[in-house]
Amino acid sequence: MTRDVEPAVSSLDPQIPKLIKSAERILIVTHISPDGDAIGSLLGLGWAMRATEKEIILACADSIPSPFHFLPGYTYITREPIGSFDLVIGLDASDPQRLGTPWQRASQGQVPTIVIDHHVTNLAFGTVNWVDTRAAATAEMVFDLIKAMKLPLDHNAATCLLCGIVTDTRGFRTSNTTPRTLAIATQLMEAGADLNLITEQTLNRKPLAVLRLWGMALSNMQMRNQILWSTITQKMREETGVNENGDGGLVNTLISANEANIAVVFTEREENQIEVGLRAKPGFDVSKVALALGGGGHPQAAGCTNSGPLEVAQERVLTALEESLGQQEKS
Ligand code: AMP
Ligand code: MN
Ligand code: MN
């Protein structure tokens with residue numbers, strides 16, 4: 001059974017299909033520290049573009065985390081694309097830094113660049129910017145593009161795009177999940193995507209070591225006004241044997257506390273960098289603080305990376321969040 005999905009209200013910029021049709025060697029780049037939407041959108045568009053007989057290069061500056069190795073084609077993603085391109089497409093990133101060196105190198109000069117993204121903090125840094133903040137995932141927008149260009153949607157593309165939607169909505173649970181999200185997901189399942197496999201691989205499983213790390217972080221969490229926050233140090237990661245990529249998602253558990261309107265997890269990275277994960281209950285907004293601190297995101301889920309030391313970054317972020325909460329309560 002096929003069911004047509006109504007086009008998005010803010011419809012696709014017609015320049016995008018035109019630019020794609022006239023290009024021959026296209027670089028598609030997704031963001032650093034890639035999540036399921038970043039990788040799913042990249043691979044989904046890559047699979048669909050195979051039908052065009054153009055040369056398509058898929059890139060991400062960071063390696064693909066193991067929970068996403070079930071996605072068809074992930075080994076084709078390169079960290080260092082070679083040569084020049086006549087079109088560059090950036091996916092799921094609100095600023096050029098987040099697309100890393102592949103974007104920065106390829107977008108120099110006169111090369112046209114297309115930005116496809118759903119973050120409210122998007123800086124419109126492309127030649128053509130298609131930013132739809134109503135989309136629950138960039139994968140929804142890639143689905144629209146594939147339909148608009150009448151590209152084939154095989155089971156590989158469908159699996160990758162559904163992975164993007166499932167992970168960004170945490171299994172259709174976030175407040176930006178719409179009837180349209182579900183309608184697209186239905187079409188993707190009908191095209192062969194396995195919802196159960198995607199959910200198992202990306203949401204229902206994590207290594208025991210990560211649970212031990214979370215245990216440590218949960219025991220050090222603190223409440224400050226309506227902000228529940230916790231820290232993952234390098235030492236904690238060494239003690240539990242969790243590598244760089246394996247500790248994500250804890251902040252989603254913190255925001256489930258009834259008493260918290262905002263949740264924060266500070267993660268110590270190498271070279272004195274502190275990664276800050278932010279979540280807000282519906283009705284509250286953490287994207288503005290993330291943007292002000294050099295990051296970005298959505299009203300209910302955002303992040304930034306600040307320089308340490310840890311205690312200095314914590315005070316900077318918590319103070320900014322308290323101020324923002326005060327303003328949000330007044331308005
Ligand atoms: P996360 O907490 O990593 O799941 O990220 C939540 C949201 O914030 C995602 O939509 C990210 O794209 C965005 N985000 C996280 N970290 C950063 C950052 N350093 N810069 C810009 N956006 C970010
Ligand atoms: Mn993302
Ligand atoms: Mn996304």
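Which residues does threonine 113 touch, not counting residues up to four places away in sequence? In this predicted model, Val88, Trp103, Ser107, Phe125, Gly126, Thr127 and Val128 are touched by threonine 113, where contact means heavy atoms within 4.5 Å. Local features in the predicted model need pLDDT of at least 70, side-chain atom pairs count only at pLDDT 80 or more, and totals for chains, interfaces and linings use all residues. Residues are numbered from 1 along each chain as its sequence is written, chains are lettered from A and ligands numbered from 1 in the order in which they are written, and side-chain values use heavy atoms, with hydrogens and water left out.

Threonine 113 lies in strand β4; strands (E, at least two residues) and helices (H or I, at least four) are DSSP runs, numbered from the N terminus. With a relative accessible area of 6%, threonine 113 is buried, the term standing for under 20% relative accessible area, whereas exposed stands for over 50% and partly exposed for values in between (1.4 Å probe, protein chains only). Strand β4 pairs with β5 in the parallel sense over 4 bridges, pairing being assigned if DSSP finds at least two bridges between two strands. Within this pair, isoleucine 114 stands opposite valine 128 in β5. The side chains of β5 alternate: Val128 and Trp130 are buried and point to one face, while Asn129 and Val131 point to the other and are not buried.

Two manganese ions are bound by the protein. For the manganese ion (ligand 3), the protein donors are Asp37 (OD), Asp92 (OD), His118 (NE2) and Asp168 (OD), at 2.2 to 2.3 Å from the ion. Donors are N, O and S atoms within 2.8 Å of the metal (3.2 Å for Na, K and Ca); water is not among the atoms, so sites may look incomplete. Along the chain, the donors of the manganese ion (ligand 3) follow the spacing D-x54-D-x25-H-x49-D. Aspartate 92 lies in the loop between β3 (87-91) and α3 (100-106), and histidine 118 in the loop between β4 (113-117) and β5 (128-131), so the pair ties together parts that are 26 residues apart in sequence.

The manganese ion (ligand 2) has as protein donors His31 (NE2), Asp35 (OD), Asp35 (OD) and Asp92 (OD), lying 2.1 to 2.6 Å from the ion. Their spacing along the chain is H-x3-D-x56-D. Histidine 31, in the loop between β1 (25-30) and α2 (36-49), and aspartate 92, in the loop between β3 and α3, are 61 residues apart, and the pair links these distant parts of the chain. Aspartate 92 bridges the manganese ion (ligand 2) and the manganese ion (ligand 3), which lie 3.8 Å apart. Both histidine 31 and aspartate 92 are buried, as is histidine 118.

The largest nonpolar core has 51 residues, of which Ile20, Ile89, Leu145 and Leu188 touch the most other members. A nonpolar core is a set of buried Ala, Val, Leu, Ile, Met, Phe, Trp, Tyr and Cys residues joined through side-chain atoms within 4.5 Å. Helix α5 (residues 155-168) contributes the largest share of this core, 8 residues. Apart from this core lies another, of 22 residues, including Ile227, Ile262, Val264 and Phe284.

Six strands form an open sheet of mixed pairing, in the order β6-β7-β8-β9-β11-β10. Strands β6 and β10 (296-297) stand at the edges with a single partner strand each, so one side of each is left without a neighbour in the sheet. Strands β6 and β7 run antiparallel and are joined by 3 bridges; methionine 223 has leucine 228 in β7 as its bridge partner.

Helix α12 (residues 310-330) has 21 residues that should span 30 Å at 1.5 Å a residue, and its end C-alpha atoms are 30 Å apart, which agrees; the expected span is 1.5 Å times one less than the number of residues. Buried residues of α12 are Leu310, Ala313, Gln314, Val317, Leu318, Leu321, Ser324 and Leu325. These cover an arc of only 130° around the axis, which puts them on the same side of α12, the arc being that of the directions from the helix axis to the C-beta atoms. Glu311, Glu323, Gln327 and Lys330 are exposed on the other side of α12. Among the elements covering the buried residues of α12 are β7 (227-232), β8 (262-268) and α11 (287-292).
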